[in-house]
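Subject: the structure you asked about

Hi,

Here is the structure I promised to pass on. Have a look at it first, and my notes follow underneath.

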Amino acid sequence: MAGPDRFLRRFRGDATKAGKSAEVSTRYAVEPGTGKLAIWFRTANSGSPSVKLTITSNHYRGDGPWTYTVAAGAPTEDHFNAVAYQNGWYDFPITVDSDATWSRRSRRPPRDGRGERQRLTSA
């Protein structure tokens, strides 16, 4: 799914392969430690073996990747400060180790509650 300002959500996979039990969702919320807007990733696994999900940064950040082992029925959540890097722009592909066909990708600048692009600073 593509939209304005380079917004992108990409979902790839094969419903008959091992990755069918893995899922990632995203949301924007204030990060309590900084009080600033962050992108939150929630990972879930509806299968019986644990899965290993890896979040990588294609652009805008030089750190990572970040790997999460997600047990069946035990979702995890992590956030990335959307303000500290390139005024909130991000590009995060996500893969699962058990299925090369499975991937998700989230890319966009943050927006405010009215749908307007925010000009964010780290100050």
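L53 has V96 as its bridge partner in β7. That pair belongs to a set of three bridges through which β4 and β7 run antiparallel. Keep in mind as you read that this is a predicted model; I come back to the confidence further down.

On its other pairing, β4 is joined to β5 by five bridges, again antiparallel, and there I55 is matched with W66. The strand is mostly covered, with four of its five residues buried. L53 itself has plenty around it: leaving out residues up to four places away in sequence, it touches A22, V24, T43, W66, T67, Y68, V70, I94, T95, V96 and W102.

Which residues have the most contacts inside the largest nonpolar core? They are F41, L53, I55, F80, F92, I94 and W102, in a core of 16 residues. The elements that give it two or more residues are β2 (22–31), β3 (36–45), β4 (51–55), β5 (66–70) and β7 (90–96). β7 supplies the largest share, four residues.

Next, β3. Seven of its ten residues are buried, so the strand is largely enclosed by the rest of the structure. It pairs with β2 over ten bridges, antiparallel, and Y28 has I39 as its bridge partner there. β2 and β3 make a hairpin with four residues between them, and G35 in that turn has a positive phi of about 75°. β3 is also joined to β6 (residues 76–81) by six bridges, running antiparallel, with W40 standing opposite H79.

One residue you may want to look at is R104, in strand β8 (residues 99–108). Buried or exposed? R104 counts as buried, because its relative accessibility is 12% and the cut-off for buried is under 20%. Its side chain makes a polar contact with the side chain of E23, at 3.3 Å.

For the chain as a whole, there are zero helices and eight strands, so to speak a plain β-β-β-β-β-β-β-β along the sequence. Of the 123 residues, 42% are buried. Among contacts with a separation of 6 or more, 59% are between residues 24 or more positions apart. The exposed area is about 6800 Å², and carbon and sulfur atoms supply 49% of it.

Now the confidence. Mean pLDDT for the chain is 77, and 73% of the residues reach 70 or more. Of the strands, β5 comes out highest at a mean of 95, while β1 (residues 8–12) is lowest at 59. Over residues 113–123 the pLDDT is below 50, although that stretch has 24 contacts in the model beyond near neighbours in sequence. Where pLDDT is low, the predicted coordinates should not be read in detail.

Cheers

Terms used. Residues numbered from 1 in each chain as written. Predicted model: local features only at pLDDT ≥ 70, side-chain atom pairs only at ≥ 80, totals over all residues. Heavy atoms only, no water. Core = buried A, V, L, I, M, F, W, Y, C linked by side-chain atoms within 4.5 Å. Buried < 20%, exposed > 50% of the residue type's maximum accessible area, 1.4 Å probe, protein only. Contact = heavy atoms within 4.5 Å. Pairing = 2+ DSSP bridges. Polar contact = N/O pair within 3.5 Å; in protein donor to acceptor, adjacent residues only side chain to side chain. Areas by Shrake-Rupley, 256 points an atom, 1.4 Å probe, with all protein chains shown as cover. pLDDT = per-residue confidence, 0-100.
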